[in-house]
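Reader: I would like to learn how to read a protein model with care, beginning with its confidence and ending with single residues. Could you take me through one?

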Amino acid sequence: MDASSRNCLRSLLARAFSLRFRSANACFFAAWLVSNSADAAAPVLDHLFPAAVQVGTTNVVTAVGKFDPWPAKIWVDAPGIVFKAETNSGKFSVEVAADAPVGGHLVRLYNEQGVSGLRFLVVTKERQTEEVEPNNEFKKPQMIDAFPAFINGRLEKSGDVDSYAVALEVGQTLVASVEAYTLASPVDAVLRVVDARGVQVAWNHDGGPTLDPFLTWTAKSAGTYVVQVFGFGYPADSSVNFVGNAKCVYRLHLSRGPYVNHTVPLGVPRGRKRTLELVGWNLPAPASVEFDATTVAGDRSEARL
Ligand SMILES: [Ca+2]
Ligand SMILES: [Ca+2]
């Protein structure tokens, strides 16, 4: 994960918690409007798919929810992200300017009757890959050739399993993570890796500060391995089936190259220079970077290996 992806995830984590609060407020506001108009129909925005778009591109984005009448108006929290409604209900053409601010952005729909809850659209520097179904079986996965890969997928029906094939050399480490809970998607996602025979070699359910999974796995022999994404409904209920519906969007990140998890030390005093040891996977040995905090103008600085 490079610095921009890490900053994006950090931004999403912070916003995910505030989103649930703001959504509750939006629902209350919408409910008040509905109660004051017998024919009211404020738009309902369950999710946007794909959940991420690259700067400098134009994309077809599907809004999942209820929109009557169509088109609904749309609000985005940043400039440079222009939604144009298409003829079909729920479809937008989204133009993302080359200088659009990178990170997770809040979006909501509205009309004369009220507003929808807030949902995320992530703007990123990286090229995006879209899931291609059918990919349910480990023997018929979607081949991933370009790394690091940023895949926009969806567990679209009950029981859905999404399979992605990755070629690994001996000693190469796969780093895989999913954003689903972090995107306010109603799924508690699971990741696993199987070999060519379908034997599970790695898996993870909750990989860090949220319910989203994160795993690393080092290949003991060269070959093609399959990463599978599936999940359970969130909030949890009595069902033990793999969840799936139009709202269950996710982002899958796959890397088999250099990946920095953290540095030692974790901080540098402003005005000082330090050698930072890099700790992660697929890094050169020794892995370190000279960090000059005498010239850092703001609170953030990027360094590339
Ligand atoms: Ca799928
Ligand atoms: Ca599938």
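Author: We will go through confidence, overall make-up, one sheet, the core and one loop residue in turn.

Reader: What average pLDDT does the protein have, and where does pLDDT stay under 50?

Author: This is a predicted model, and confidence is therefore the place to begin. The protein averages a pLDDT of 88, and 84% of the residues score at least 70. Over residues 20-38, however, pLDDT stays under 50, and for that stretch the model has 22 contacts beyond four places in sequence.

Reader: How many helices and strands are there, and what share of the residues is buried?

Author: The secondary structure comes to one helix and 22 strands, while buried residues make up 34% of the 305 residues in the protein. Among contacts between residues at least 6 apart in sequence, 65% join residues at least 24 apart.

Reader: How should I read a sheet, and which strands stand at the edges of the five-stranded one?

Author: In general, strands of a sheet pair through backbone hydrogen bonds, in either the parallel or the antiparallel sense. Here five strands form an open sheet with mixed pairing, in the order 11-13-18-15-16. Strand 11 (142-143) and strand 16 (200-204) stand at the edges, and because each has a single partner strand, one side of each is left without a neighbour in the sheet. Strand 11 pairs with strand 13 (residues 162-168) in the parallel sense over two bridges, and Gln142 has Tyr164 in strand 13 as its bridge partner.

Reader: Why does the largest nonpolar core lie between domain 1 and domain 2?

Author: That core holds 57 residues, of which Ala51, Leu121, Ala189 and Tyr250 touch the most other members. Domain 1 (3-124) and domain 2 (129-257) both give residues to the core, so the core lies between them. If we leave out residues up to four places away in sequence, Ala189 touches Val178, Ala180, Asp212, Pro213, Val229, Gly231 and Tyr250.

Reader: Turning to a single loop residue, why does Ala41 count as partly exposed?

Author: A residue is buried with 20 or more other C-beta atoms within 10 Å of its own, and exposed with 12 or fewer. Ala41 has 16 C-beta neighbours inside 10 Å and therefore counts as partly exposed. Ala41 is placed in the loop between helix 1 (3-35) and strand 1 (44-49).

Reader: Which residues does Ala41 touch, not counting residues up to four places away in sequence?

Author: On that count, Ala41 touches Asp68 and Gln113. Ala41 and Gln113 are 72 residues apart in sequence, yet their C-alpha atoms are 5.9 Å apart in space.

How values were computed:
Residues numbered from 1 in each chain as written. Chains lettered and ligands numbered in written order. Predicted model: local features only at pLDDT ≥ 70, side-chain atom pairs only at ≥ 80, totals over all residues. Core = buried A, V, L, I, M, F, W, Y, C linked by C-beta atoms within 7 Å. Domains from an automatic or database assignment. Contact = placed C-beta atoms within 7 Å. Helix = DSSP H or I, 4+ residues; strand = E, 2+ residues; numbered from the N terminus. pLDDT = per-residue confidence, 0-100. Pairing = 2+ DSSP bridges.
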